[in-house]
Structure formats: C-alpha cells, structure tokens
Amino acid sequence: MLELKDKDIGENINIRGHSFIFFIGGMSISDSIAFFEIIKTYKDISTIYLAEEMKDERLFRYMKLNLETDVIFFQQRSYDSISSMLTKQPIGTKLFLIGEWEMIEDLKQLAIEAGFTEEEMVVKGIGMKEEKVFCAKCYHLNKKTDQNVVKCDNCNTKLDVSKHYSKRHKAYLGYISM
Ligand SMILES: [Zn+2]
C-alpha cells in the first residue's frame, strides 16, 4: 500500500522552474484516483506515464475528466521510447517515479543514462525493496539476509557481504570468503 501525502508531493513539486514527468506503476485503481486527486492541482506536470497493466475503464474515464496532462501508457521492460524521450528533456525537468522497486530501478537507470542526476528524481517505491548480493565468482544475484556471510545459491561459494553497493549490478558486492 502506497502512502503518499499531499505535503510530500507538494514539497517536491512546487520547485519553481521545474516541470515534472511522472512514471506510475503498480498502484491499485483507488490508490491512483486518490493520487490524481492530489496532483491534478499542480500545473507543472508535463506528462504522466502510466504502466500498461494499470489500464482500466474507470481510471481512464476519471483521467479524461480531471486531468489536462497528457497520459501515455508504457509497457514495463520495453523502455526504448522512454529512453529517447528522456534524452530530449530540457534541463530542469524532474522525474517522479512511483511503483514497484524493480520498475523504479530500471527507470532510474535509464534516466541516469539519459543524463539525469539522482537529485532530479523523486522516488516512491511500493512494497519491500529486495536487496541482493552479487557473487564475485559466478555473478549470480543472491537474496541479502541480515548475515555478513551468505552462501551463493548457484555455486555454493561463501561470500562476505560488503558494504559496497554496485549500481551497475543493483546489488551489494559479495567477495569470496577466505
Ligand atoms: Zn556464485
């Protein structure tokens, strides 16, 4: 369940000179309508990208009636057009990413490749963020536990879980334990 307060959004949106692009996925229909009720009063939203799986007649009707902003549906994991759109954005554009962590991490990566910095993104993840440990030996991603040592699911190597988070692998690096 997503907890977004009017204040959270307002503080982030009312930054002068910025226009916002929203990416929204993984929200229930009633949560999204509640959310749009909040954001419809903000003027600087340039486009709302909505995950395709959220397509719903009721939501669609609501958006047509209440939102002046363009709404574009996107498919998760087919991000080519988003990538090229992001590279064309003027300086000062901010991104607001809401959805499951996996989708958010993908979009963040695209945005960074398109030249956005982390400061230019507001991120609201839904659900638990699953942390991973990258095996230095076989490159397998393992589930992170609260232990300092994990055994790789794939090659059985004992790994020391480092504090070093690799953005490229989206995981903590696990070094072969001696
Ligand atoms: Zn391994």
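Student: Is histidine 140 buried, exposed or partly exposed?

Tutor: This is a predicted model, where local features need pLDDT of at least 70, side-chain atom pairs count only at pLDDT 80 or more, and totals for chains, interfaces and linings use all residues. Residues are numbered from 1 along each chain as its sequence is written. Histidine 140 has 17 other C-beta atoms within 10 Å. A residue is buried with 20 or more of these, exposed with 12 or fewer and partly exposed in between, C-beta atoms being placed from the backbone, so histidine 140 is partly exposed.

Student: Which residues does histidine 140 touch, leaving out those up to four places away in sequence?

Tutor: Histidine 140 sits in the loop between strand 6 (132-135) and strand 7; strands (E, at least two residues) and helices (H or I, at least four) are DSSP runs numbered from the N terminus. Cysteine 152 is twelve residues further along or back in sequence, and the C-alpha atoms of the two are 7.4 Å apart. Taking contact as C-beta atoms, placed from the backbone, within 7 Å, histidine 140 touches Cys135, Cys152, Asp153, Asn154 and Cys155.

Student: What is the strand order of the open sheet that includes strand 7?

Tutor: Start at the edges: strand 7 (141-143) and strand 8 (149-151) each pair on one side only, where pairing requires at least two DSSP bridges. The pairing in this sheet is mixed, and the twist averages 45° from one strand to the next. Its five strands run in the order 7-6-10-9-8.

Student: Which residue in strand 10 stands opposite serine 166?

Tutor: Strand 9 (residues 158-166) and strand 10 (residues 171-176) pair over five bridges, in the antiparallel sense. Across that pairing, the residue opposite serine 166 is alanine 171.

Student: Lysine 170 is in the loop between those two strands, so what is its phi?

Tutor: Most residues other than glycine have a negative phi. Lysine 170 goes the other way, although it is not a glycine. It counts as partly exposed, with 17 C-beta neighbours inside 10 Å. Its phi is positive, at about 50°.

Student: Where is asparagine 156, which also has a positive phi?

Tutor: Asparagine 156 is not a glycine either, and its phi is about 65°. This residue is exposed, with 10 other C-beta atoms within 10 Å. Asparagine 156 belongs to the loop between strand 8 and strand 9.

Student: Now the other sheet: what is the order of the five strands with parallel pairing?

Tutor: Here the edge strands are strand 3 (70-74) and strand 5 (121-126), each pairing on one side only. The average twist from one strand to the next is 15°. Inside the sheet, strand 1 and strand 2 pair in the parallel sense over five bridges, with phenylalanine 22 opposite isoleucine 48 of strand 2. The order of this open sheet is 3-2-1-4-5.

Student: How many residues are in the largest nonpolar core?

Tutor: A nonpolar core is a set of buried Ala, Val, Leu, Ile, Met, Phe, Trp, Tyr and Cys residues joined through C-beta atoms within 7 Å. Among the elements giving two or more residues to the largest one are strand 1 (19-24), strand 2 (45-51) and helix 5 (101-113). Phe22, Phe23, Ile24, Tyr49, Leu97 and Leu107 have the most contacts inside this core, whose total is 19 residues.

Student: Which residues are in contact with tyrosine 49, apart from neighbours within four places in sequence?

Tutor: Tyrosine 49 is among the residues with the most contacts inside the largest core. Beyond its sequence neighbours, tyrosine 49 is in contact with Ile21, Phe22, Phe23, Ile72 and Phe74.

Student: How are helix 2 and helix 3 oriented to each other, roughly parallel or roughly antiparallel?

Tutor: Helix 2 (residues 29-39) and helix 3 (residues 57-66) pack at about 10°, with axes 10 Å apart. The contact involves Ile29, Ser32, Ile33 and Phe36 of helix 2 and Arg58, Leu59, Tyr62, Met63 and Asn66 of helix 3. Since angles under 35 degrees count as roughly parallel, over 145 as roughly antiparallel, 65 to 115 as roughly perpendicular and the rest as oblique, helix 2 and helix 3 are roughly parallel.

Student: What share of the chain is buried?

Tutor: The chain has five helices and ten strands, and its C-alpha trace spans about 60 × 35 × 30 Å along the principal axes. Of its 178 residues, the buried share is 24%.

Notes:
Axes are lines fitted to C-alpha atoms, for helices over the stretch in contact, and angles run from 0 to 180 degrees between N-to-C directions. Two residues are in contact if their C-beta atoms, placed from the backbone, lie within 7 Å.
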